[in-house]
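Biologist: I should like to learn how to read the local features of a model, one at a time. Please give the general idea first and then the case at hand.

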Amino acid sequence: MTQTYRITLLPGDGIGPEIMRVAVEALEAIARQFDLRFSFNEALVGGAAIDATGEPLPADTLEQCCQSDAVLLAAIGGYKWDNLPRAQRPETGLLGLRAGLGLFANLRPATIVPQLIDASTLKREVVEGVDIMVVRELTGGIYFGQPKGIFQTETGAQRGVNTMAYTTAEIDRIAKVGFETARQRGHRLCSVDKANVLDVSQLWRDRLTQMASQYPDVELSHLYVDNAAMQLVRAPKQFDTLVTGNLFGDILSDAAAMLTGSIGMLPSASLGVAGTPGLFEPVHGSAPDIAGQDKANPLAQVLSAAMLLRYGLNQPQAATKLEMAVTQVLEQGYRTGDIMSAGLKSVGCRAMGEALLAALDA
Ligand code: IPM
Ligand code: MG
């Protein structure tokens with residue numbers, strides 16, 4: 001009998017529910033074609049969870065996620081919840097989900113879609129062919145290090161503190177993901193740190209260097225984060241796979257995403273140790289300004305579902321099929337507002353979904 005995969009859906013806020021609907025329909029079509037079985041259960045996270053329960057990550061949501069084979073998240077946040085105390089903010093729900101599932105490795109591809117190359121703010125010759133994978137450490141570093149908080153000093157002033165800390169075990173496990181990801185791609189790994197200033201970065205660099213001997217087929221290089229930011233916009237094609245800590249990865253993955261000019265197209269995967277469910281979500285946010293207006297681009301959500309198939313369920317053929325359907329709708333000229341250019345077919349979220357289903361069935 002075919003195995004049934006349990007997938008927890010977290011539509012979240014803003015455009016989340018509408019783009020999620022498209023991704024689920026696409027997964028259902030894929031299931032029919034590849035003889036897979038999915039059982040979907042939906043749970044609350046972010047603002048939607050705050051409104052319903054008072055907290056951004058209810059225990060029941062985390063429990064449902066832990067019990068599933070993979071988690072598909074759309075987007076969280078919105079103006080409405082921006083001024084709540086930190087513990088009740090949507091972002092805290094996302095961080096809790098990452099920590100709660102032990103999702104220490106975040107894969108963020110920044111790939112130029114040939115059909116959308118003119119959407120980039122950089123010159124065509126600079127970005128044509130860009131294909132970068134950012135491997136970001138996701139459950140450590142300055143996001144989680146102790147001590148943290150706003151403290152009272154002896155003089156009565158306040159002092160805000162966060163701590164950037166990595167243990168060798170934390171560095172080694174993300175380094176391994178970096179090397180193995182590079183091995184499946186262009187065999188070049190660039191580690192980004194701030195070892196000229198930070199001790200935590202020196203340890204990071206030393207561990208990466210030591211580990212390189214286990215991966216003779218991968219060429220390891222190191223860059224300081226400021227230089228890496230500059231190189232990313234100067235000559236992005238020099239990069240294949242980047243591996244870096246939580247904060248640097250947050251910043252550099254946004255910069256890398258923008259090279260493509262179409263953040264509405266970029267998926268991501270967050271993975272833990274083998275056997276734990278991964279979390280798959282688009283790189284873009286909840287876009288509250290266009291929520292509920294059928295204007296959102298669902299393709300990053302669909303590509304996140306493809307990453308779920310590839311990295312979460314080990315169904316690479318199904319993943320490729322979904323990715324090819326996305327390419328096909330772009331080839332056919334369908335464009336949502338964020339990627340529209342003259343002469344092409346302007347569609348909303350739902351119509352884009354229908355075009356995608358037609359491409360999947362063709
Ligand atoms: C991201 C986001 C999050 C982060 C926020 C929303 C907590 O910027 O996924 O990159 O900083 O990790
Ligand atoms: Mg970010």
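Biologist: Is Asp-294 buried, exposed or partly exposed, and what is its relative accessible area?

Modeller: Before the answer, please note that this is a predicted model, in which local features need pLDDT of at least 70 and side-chain atom pairs count only at pLDDT 80 or more, while totals for chains, interfaces and linings use all residues. Residues are numbered from 1 along each chain as its sequence is written, chains are lettered from A and ligands numbered from 1 in the order of writing, and side-chain values use heavy atoms, without hydrogens or water. Buried means under 20% relative accessible area and exposed over 50%, with partly exposed in between (1.4 Å probe, protein chains only). Asp-294, with a relative accessible area of 27%, is therefore partly exposed. Its place is the loop between β12 (278-282) and α10 (299-312), where helices (H or I, at least four residues) and strands (E, at least two) are DSSP runs numbered from the N terminus.

Biologist: What is the sign of phi at Asp-294, and what is its approximate value?

Modeller: Most residues other than glycine have a negative phi, and most peptide bonds are trans. Asp-294, although not a glycine, has a positive phi of about 60 degrees. His-187 is another non-glycine residue with a positive phi of about 60 degrees. His-187 sits in the loop between α6 (168-184) and β8 (188-193), and its 32% relative accessibility places it in the partly exposed class. As for peptide bonds, the one joining Gln-146 and Pro-147 is cis, with omega about 0 degrees; Pro-147 belongs to strand β6 (residues 145-152).

Biologist: Which side chain of opposite charge is nearest to Glu-18, and how far away is it?

Modeller: Lys and Arg count as positive and Asp and Glu as negative, whereas His and the chain ends are not counted. A salt bridge is a side-chain nitrogen of Lys or Arg within 4 Å of a carboxyl oxygen of Asp or Glu. Glu-18, in helix α1 (residues 16-34), is buried yet has no salt bridge, as Arg-350, the nearest side chain of opposite charge, is 6.5 Å away.

Biologist: Which backbone nitrogen does the side chain of Glu-18 reach at 2.5 Å?

Modeller: A polar contact is a pair of N or O atoms within 3.5 Å; within protein, one must be able to donate a hydrogen and the other to accept it, and residues adjacent in sequence count only if both atoms are side-chain atoms. The partner at 2.5 Å is the backbone nitrogen of Gly-292. The backbone nitrogen of Asp-294 is also in reach, 3.4 Å from a polar side-chain atom of Glu-18. In contacts (heavy atoms within 4.5 Å), Glu-18 touches, beyond four places in sequence, residues including Ile-290, Lys-295 and Cys-349.

Biologist: How many salt bridges are there?

Modeller: The rule gives a count of 12. One of these joins the side chains of Arg-207 and Asp-172, at 2.7 Å from N to O. Arg-207 lies in helix α7 (residues 199-211) and Asp-172 in helix α6, so this pair ties together parts that are 35 residues apart in sequence. Another joins Asp-240 and Arg-185 at 3.1 Å, N to O. Asp-240 is in the loop between α8 (225-234) and β10 (241-244) and Arg-185 in the loop between α6 and β8, so the parts tied together here are 55 residues apart in sequence. Asp-240 is buried at 6% relative accessibility, while Arg-185 is partly exposed at 23%. Salt bridges with shared partners also link Asp-118, Arg-124 and Glu-128 into one network. Within it, the side chains of Asp-118 and Arg-124 meet at 3.5 Å, N to O; Asp-118 is exposed at 63% relative accessibility.

Biologist: Which residues surround ligand 1?

Modeller: A residue is near a molecule if one of its heavy atoms lies within 4 Å of it. By that criterion, ligand 1 is surrounded by Glu-91, Arg-98, Arg-108, Arg-136, Tyr-143 and Asp-250. Oxygen atoms of the ligand lie 2.8 Å from a polar side-chain atom of Arg-136, 2.6 Å from one of Tyr-143 and 2.9 Å from one of Asp-250. Of the 320 Å² of accessible area that ligand 1 has on its own, the protein covers 72% (Shrake-Rupley method, 1.4 Å probe; for residues, only the protein chains shown count as cover).
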